[in-house]
Amino acid sequence: GGTSDPYALVKVGKEKKKTKVVKKELSPEWNEKFEMIVEDVNEPLNVAVYDKDMIGSDDMIGDTLIPLTPLVGQKLSPKWYTLYREGKITGEILLTIKIPRPAGWVDVEESIESLGSGVHQGEGGERSSSSIGHNLKA
């Protein structure tokens with residue numbers, strides 16, 4: 001038909017949340033808020049929008065993968081993300097994502113700088129570098 005009964009499925013790591021179904025709507029507004037535990041910020045957030053079907057399985061309208069690392073510690077601001085299905089753009093979804101900066105978090109730029117300064121020449125001409133490891137668990 002000309003309308004959908006859309007809902008969104010939000011996944012990161014083992015966490016999964018689902019919005020309510022908005023009936024007979026092509027431009028749904030869910031206005032729902034989820035708190036999810038992100039164990040690894042290197043894993044992307046997957047947001048998939050489905051059309052709820054009474055008979056058979058629900059049809060995927062489209063989905064998007066959102067890298068979380070660039071969002072760590074950033075201020076809250078809504079952003080449109082493009083939904084794709086089989087390589088074609090099928091829509092977009094407005095999301096506001098906030099990831100607090102975990103203790104000991106070092107931005108990529110900062111860690112590159114500190115890596116650069118962590119390499120030094122050893123006594124006998126051998127190169128040694130200080131290992132810089134960061135716990136990125138949220």
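**View 1. Strands β1, β3, β5 and β6 around the largest pocket of this predicted model.** Four strands show up here: β1 (6–12), β3 (45–51), β5 (79–85) and β6 (88–95) each put at least two residues into the lining of the largest pocket. The biggest contributor is β6, which hands over 6 residues, the largest share of that lining. The model is a predicted one, so keep that in mind for every view that follows.

**View 2. Looking into the largest pocket, with its volume of about 1,300 Å³.** A total of 42 residues line the pocket, and Glu32, Leu94, Leu95, Thr96 and Ile97 are the ones closest to its centre. What is the lining made of, by residue class? Nonpolar residues account for 27 of the lining, with 7 polar and 8 charged ones making up the rest.

**View 3. Lys20 and Glu32, a salt bridge involving one of the residues closest to the pocket centre.** Glu32 turns up again here, this time paired with Lys20: their closest N and O atoms sit 3.7 Å apart. Both partners belong to the loop between β2 and β3, so the salt bridge ties together parts that are 12 residues apart in sequence. How accessible is Glu32? Glu32 has a relative accessible area of 34%, which makes it partly exposed. Lys20 also counts as partly exposed, at 44% relative accessibility.

**View 4. Glu39 and Lys14, a salt bridge between two loops.** The side chains of Glu39 and Lys14 come together at 3.5 Å, N to O. This pair links distant parts of the chain: Glu39 is in the loop between β2 (15–18) and β3, Lys14 is in the loop between β1 and β2, and the two are 25 residues apart. Exposed or partly exposed: which label fits Lys14? Lys14 counts as exposed, because its relative accessibility of 77% is over the 50% cut-off. Its partner Glu39 is partly exposed, with a relative accessible area of 46%.

**View 5. Lys52 and Asp58, another of the 3 salt bridges in the structure.** Here the closest N and O atoms of Lys52 and Asp58 are 3.9 Å apart. Lys52 is partly exposed at 31% relative accessibility. Why does Asp58 count as partly exposed? Its relative accessibility is 21%, and buried would mean under 20%, so Asp58 stays in the partly exposed class.

Note on methods. Residues numbered from 1 in each chain as written. Predicted model: local features only at pLDDT ≥ 70, side-chain atom pairs only at ≥ 80, totals over all residues. Heavy atoms only, no water. 1 Å grid on protein atoms, 1.4 Å probe; cavity = no way out; pocket = protein on both sides within 12 Å on 5 of 7 lines; lining within 4 Å. Points joined across faces, edges and corners; volume = space filled by probe spheres on them. Nonpolar A, V, L, I, M, F, W, Y, C, P; charged D, E, K, R; others polar. Salt bridge = Lys/Arg side-chain N within 4 Å of Asp/Glu carboxyl O. Buried < 20%, exposed > 50% of the residue type's maximum accessible area, 1.4 Å probe, protein only.
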